[in-house]
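Biologist: I'd like a close look at one part of this protein, the salt bridges, with enough of the surroundings to see where each partner sits. Take your time over it.

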Amino acid sequence: MDLSLSNKDDDTTKTVDTKVDENRTMTVILGADNKLTYYMGLLEKPIGGPKDIAYGKDGIRTELLTRKKVDLEYSAAKGKPKQGIIVIIKPTKKSNYRNLVDILDEMAITKVDTYAIVPEFTPEETKLIEKK
């Protein structure tokens, strides 16, 4: 398993915008009571979702495998056949450690190569979380 870490640059005034293809991006929010919510693209204009889904083979795993296949086809059509799905995992304060381990297991089972754990939320995501 590869691990990518950010560059430790002492100059904190520099900002670097990383462009990510929203057509390949899935955000998974880990909520209270073992609940998951996911969406594709940006929450302001989602390609899919937001949708509540369960853990396991009949839930998030099926969705990950489906989206992985779609994203590989999309990337191949753009001339970049090796670029697959990007999953952003966002654990809320109401989720628990087991939820995080379970979603990381799903990343391994479905062979998702690119994912990140990001404990920060946009204002739109915060509103979505508060509704649950």
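**Salt bridges and their surroundings**

Modeller: Of the 132 residues in the protein, 33% are buried. Keep in mind that this is a predicted model, and let me set the scene before we get to the charges.

The protein has 3 helices and 5 strands. Walk along the sequence and you meet them in the pattern β-β-β-α-β-α-β-α. The chain also folds back on itself a good deal: among contacts with a separation of 6 or more, 62% are between residues 24 or more positions apart. On the outside, the accessible surface is about 9200 Å², with carbon and sulfur atoms making up 52% of that.

The 5 strands make an open sheet in the order 3-2-1-4-5, and the pairing is mixed. Strand 3 (46–53) and strand 5 (114–117) are the edges, each with a pairing partner on one side only. From one strand to the next, the twist averages 15°.

Go to the strand 3 edge for a moment. Strand 2 (residues 36–41) and strand 3 run antiparallel and are joined by 5 bridges. They form a hairpin, with 4 residues between the two strands. Leu36 has Ile53 as its bridge partner in strand 3, and Met40 stands opposite Gly48 in that strand.

Now the helices that matter for your salt bridges. Helix 1 (residues 60–77) lies across strand 1 (25–30), strand 2, strand 3 and strand 4 (86–91), and it runs at about 165° to strand 1. Helix 3 (residues 123–131) also packs on the sheet, touching strands 1, 2, 3 and 4, with a direction about 40° from that of strand 1.

Next, the greasy part. The largest nonpolar core holds 17 residues, and Met26, Val28, Leu30, Ile60, Val87 and Ile103 are the ones with the most contacts inside it. Strand 1, strand 2, helix 1, strand 4 and helix 2 each give two or more residues to this core. Met26 is a good one to click on: leaving out residues up to four places away in sequence, its contacts include Tyr38, Met40, Ile60, Leu64 and Val87. The list also takes in Glu63 and Arg67, and Arg67 comes up again below.

On to the charges. There are 4 salt bridges in the whole structure, and I'll take three of them in turn.

Start with Glu106 and Arg61, whose side chains meet at 2.8 Å, N to O. This pair ties together distant parts of the chain, with Glu106 in helix 2, Arg61 in helix 1 and their positions 45 residues apart. Helix 2 covers residues 97–109. Is Glu106 buried or exposed? Glu106 is buried, because its relative accessible area of 5% falls under the 20% cut-off. Beyond its neighbours within four places in sequence, Glu106 is in contact with Gly56, Ile60, Arg61 and Leu64. Ile60 is a name you've already seen, as one of the core residues with the most contacts, and both Ile60 and Leu64 are on the contact list of Met26 too.

The second pair stays within one helix. Asp71 and Arg67 form a salt bridge, with their closest N and O atoms 3.3 Å apart. Both lie in helix 1, 4 residues apart, or about one turn of the helix. Asp71 counts as buried because its relative accessibility is 0%. Arg67 counts as buried as well, at 15%. Remember that Arg67 also touches Met26, so if you centre your view on Arg67 you can pick out Asp71 as its salt-bridge partner and Met26 as one of its contacts.

The third pair takes you from helix to sheet. The side chains of Glu125 and Lys90 meet at 2.7 Å, N to O. Glu125 is in helix 3 and Lys90 in strand 4, 35 residues apart, which again makes it a link between distant parts of the chain. Glu125 counts as buried because its relative accessibility is 1%, and Lys90 counts as buried at 8%. This fits with the packing described above, where strand 4 is one of the strands that helix 3 touches.

To put the three side by side: one salt bridge links helix 2 to helix 1, one sits inside helix 1, and one links helix 3 to strand 4.

Technical notes: Residues numbered from 1 in each chain as written. Predicted model: local features only at pLDDT ≥ 70, side-chain atom pairs only at ≥ 80, totals over all residues. Heavy atoms only, no water. Pairing = 2+ DSSP bridges. Axes fitted to C-alpha atoms, helices over the stretch in contact; angles between N-to-C directions. Contact = heavy atoms within 4.5 Å. Buried < 20%, exposed > 50% of the residue type's maximum accessible area, 1.4 Å probe, protein only. Core = buried A, V, L, I, M, F, W, Y, C linked by side-chain atoms within 4.5 Å. Areas by Shrake-Rupley, 256 points an atom, 1.4 Å probe, with all protein chains shown as cover.
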